[in-house]
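Please work through the exercises below with the sequence and the model open side by side, and try each task before reading its solution.

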Amino acid sequence: MKKGIFVVLLSLLLLPLAGCRRSYTVIFDPNGGQIVSGEAVQTVPKGTSASAPVVQYDGYSLEWDKDFSNVMEDMTVTAQWTRIEMDSADLASYVQERTVTVTVDTINGHENAGTGFFIDDQGTILTNYHVIDMGASISVQTQDSGSYDVDKVVDFSPVYDLAILKIDITNNPYLSFSDDEARTGEKVYAVGSALGTLTGSFTEGTVSSTSRTVGPIDCIQMDAAISHGNSGGPVVNSYGDVVGISTYSYSEGENLNLAIKPSMLEQLSMDKNYSVNEFQEWYIKESSRSFSPFDGSSYYYSLVNTYQTVTGASCLLSYDEEGNASTGYHDCCAYYVYDYNADQYDRYVDYLKENGFTFQSSENFSDGISYYYLNEKDGILMDLFVSSDNLQLLILPSI
């Protein structure tokens, strides 16, 4: 009995001690931000205040989700971030620092200049394909006047007019893509090397439409001024997030400019990783032997080799969109005529399938049958028309 009383008394004595902690642990969670100074984990005397670390997250303002001025328990305090709209001067500086000039010496001896911008902190740059088209050497000038030769052409698409480059630099500032698409009426800002020499040119405008297309390319229309040399440059919102890539202007109008939507980057597989020499070799070997599909108003260069390149057959005639014929193969034509040979035809179909084309359907006409093969990724439709007498093959590439 005495032993039991002793245990009860000891327990009663320990109860107050358990509730008399003299200090507590406070954990500061930066929630995506970066701690610049101070401690994330602190031991704080009871009833005193913790000292919040200095935390930064570019483009955001900070609030903590709990009061830590009178600490009475272990607690985790989490950063709450709110986007900050930049004024135009701060925005210009922010975007210019992340934008580059792309200079290209072409295989035919010309020099071109365009714009690009960093999309990560490992030297990866987005620009237009037409900026690097025919490139024999490609270099990049950063805002701080650094000059770098391009190490890799990571990927590119002539059809979607996009190219990804890589230079040997790390920890560089970069631009992020907006989580939301631009809205009609929204203010936007373009930065680029206007005319190829006026680096860092900053213009302001309004989104005129979010539903413009150029062939298979989804674009926004804006009245922010861009010029030759702006191609490949960023179009950003007031937070500094990219909502477009400057690409086209309508010369017959005033400030009728287009920027490719960032969503079109989904069409790139990011797996080519050519050196510039390999890119030049690819161009020399492939470009002159590949179709330029027609969308009803314009031709677009593609990576699909011609029937004669794949099979060795000679092209008999090339027809333009007005029905005029030229002897032999000529690029940028509406369709091409060959002698039909079943083995050659099958070889070309196998080639198409190996390059992402799938059979869609066939259609009977009075003079023959069309067999349709689609490359959904590149948006190219190949119409292989076999005449009813099996003597002629017509090939009609389109977008």
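**Exercise 1.** Find which elements cover the buried residues of α2, then identify those residues and explain how they are placed around the axis.

*Solution.* Begin with the cover: β7 (99-106), β14 (187-194), β15 (198-214) and β17 (234-236) are among the elements in contact with the buried residues of α2, where contact means heavy atoms within 4.5 Å, and helices (H or I, at least four residues) and strands (E, at least two) are DSSP runs numbered from the N terminus. This is a predicted model, in which local features need pLDDT of at least 70 and side-chain atom pairs count only at pLDDT 80 or more, while totals for chains, interfaces and linings use all residues. Residues are numbered from 1 along each chain as its sequence is written, and side-chain values use heavy atoms, with hydrogens and water left out.

Next, within α2 (residues 88-97), the residues L91, A92 and V95 are buried, that is, under 20% relative accessible area with a 1.4 Å probe and protein chains only. They lie on the same side of α2 because they cover an arc of only 100° around the axis, taken from the directions from the helix axis to the C-beta atoms.

**Exercise 2.** Repeat the analysis for helix α4 (residues 276-286), asking which residues are buried and what covers them.

*Solution.* First, the buried residues of α4 are V276, F279, W282 and Y283. Their arc around the axis is only 115°, which means that they sit on the same side of α4. Finally, the cover over these buried residues includes α3 (129-132), β10 (135-141) and β12 (152-157).

Technical notes
Buried means under 20% relative accessible area, exposed over 50%, partly exposed in between (1.4 Å probe, protein chains only).
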